[in-house]
Amino acid sequence: SPIQDFASIAASEMPAFEAGERETRIRAQRELQDKQQKKTFTRWWRTYLVQSGTEGLSDLYEDIKPGVIGIKLLEVLSNEKCEKYNAKPKSRFQMLENQQTFLNLVTSNKIKLVNIGAEDLSEGKPTLVLGLTWTLILHFEIHKYSTDEQQLLRWVRAKTSGYDEVSIQSWGTGFNDGKAFCALIHKHEASALDFVAACRKEPVETLTHAFNVAEETFAVPKLLEPQDLVGGNDFDDDDD
């Protein structure tokens, strides 16, 4: 019958439809994560570039192209001065020269890069810029303490083990409500915040309070947005 024919067609097409929907959701989630990463990593670059007198970083993918900020970042991170580069490159050739100088500085610090070349950076390829930034963070912020991400996670769990409100399974869970951050702060400086009171707030308020206290007490720069961590939908491009 026509109804049976329609049902048969719908049933045969349903798996493809569901697969397409799943791919769309995965792609949208990946795009959101990349956007959030860009925002956070841009702030990380700013934190160090300001120490070299460089301000005004607005779009990491664009601003990295001339090759100047990469060199300035490495100068601050490695505490070594780069004697020769094009401070105001006017041609693509000069930009590529800067990028190669930057990559040489990276490798001289015993950092291994895979499939990232001067041309990639001069074109500001998003995936590679994000990958490069994460590699630098790992080397200069985590590995320098002779640890890795999993060891750091175990340390966080150990420091927050006495706080019943906190449960950390992975980097992707346990931090979204702000309680883990508050517990870490309270563990190291109990007078800095009222942990019980902080946990009574809404997640965005708790995260905001934790980040403010961390900056005031430990000079930890605000690299994350509370709204991003709790999965807020009102995501914009304002990196300020």
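A residue counts as buried when its relative accessible area is under 20%. By that criterion, 35% of the 240 residues of the protein chain are buried. The model is a predicted one. Its mean pLDDT over the protein chain is 87, with 88% of the residues at 70 or more. Residues 232-240 are a stretch where pLDDT stays under 50, and for this stretch the model has 17 contacts beyond four places in sequence.

The secondary structure consists of 11 helices and zero strands, so the pattern along the sequence is written α-α-α-α-α-α-α-α-α-α-α, with helices being DSSP runs numbered from the N terminus. Among contacts in the protein chain with a separation of 6 or more, 52% join residues 24 or more positions apart.

The interior can be taken up next. In soluble globular proteins, nonpolar side chains tend to be buried together. The largest nonpolar core here has 29 residues, and those with the most contacts inside it are Trp44, Trp45, Leu73, Phe102, Leu121 and Leu136. Two or more residues of this core come from each of helix 1 (2-49), helix 2 (60-63), helix 3 (68-78), helix 4, helix 5 and helix 6 (126-142). Helix 6 gives the most, with six residues. A second core, separate from this one, has 22 residues, including Leu153, Val166, Cys182 and Leu229. Within the largest core, Leu73 can serve as an example: leaving out residues up to four places away in sequence, Leu73 touches Trp44, Trp45, Tyr48, Leu49 and Leu136.

Helix 4 shows how one of these elements is placed. Its 17 residues should span 24 Å at 1.5 Å a residue, and the C-alpha atoms at its ends are 24 Å apart, which agrees. The buried residues of helix 4 are Asn98, Gln99, Phe102, Leu103, Leu105 and Val106. They lie on the same side of helix 4, because the arc they cover around the axis is only 155°. The cover over these buried residues includes helix 3, helix 5 and helix 6.

Just after helix 4, the backbone takes a positive phi of about 65° at Lys110. Most residues other than glycine have a negative phi, and most peptide bonds are trans. Lys110 lies in the loop between helix 4 (92-108) and helix 5 (118-122). With a relative accessible area of 78%, Lys110 is exposed. Ala219 is another residue that is not a glycine and has a positive phi, in this case about 60°. Ala219 sits in the loop between helix 10 (203-218) and helix 11 (226-229). Its relative accessibility is 62%, so Ala219 counts as exposed.

The loop between helix 10 and helix 11 also holds Leu224. Unlike the exposed class, which needs over 50%, Leu224 is partly exposed, at a relative accessible area of 33%. Leaving aside neighbours within four places in sequence, Leu224 is in contact with Thr40, Arg43, Phe181, Phe211 and Leu229. Leu224 and Trp44 are 180 residues apart in sequence, while their C-alpha atoms are 9.6 Å apart in space.

Two of the contacts of Leu224, Phe181 and Phe211, lead to the aromatic residues. The structure holds five aromatic pairs. In one of them, Phe175 and Phe181 are tilted, with 5.6 Å centre to centre and 55° between the planes. Both Phe175 and Phe181 are buried. Phe181 also pairs with Phe211, and this pair is edge-to-face, at 5.3 Å centre to centre and 75° between the planes. The pair links distant parts of the chain: Phe181 is in helix 8 (residues 179-188) and Phe211 in helix 10, 30 residues apart. Phe211 is buried, because its relative accessible area is 11% and the cut-off is 20%. Together with Trp171, the residues Phe175, Phe181 and Phe211 form one aromatic cluster.

How values were computed:
Residues numbered from 1 in each chain as written. Predicted model: local features only at pLDDT ≥ 70, side-chain atom pairs only at ≥ 80, totals over all residues. Heavy atoms only, no water. pLDDT = per-residue confidence, 0-100. Contact = heavy atoms within 4.5 Å. Helix = DSSP H or I, 4+ residues; strand = E, 2+ residues; numbered from the N terminus. Buried < 20%, exposed > 50% of the residue type's maximum accessible area, 1.4 Å probe, protein only. Core = buried A, V, L, I, M, F, W, Y, C linked by side-chain atoms within 4.5 Å. Expected span 1.5 Å × (residues − 1). Arc of directions from axis to C-beta. Phe/Tyr/Trp six-rings, centres within 6.5 Å; stacked < 30°, edge-to-face > 60°.
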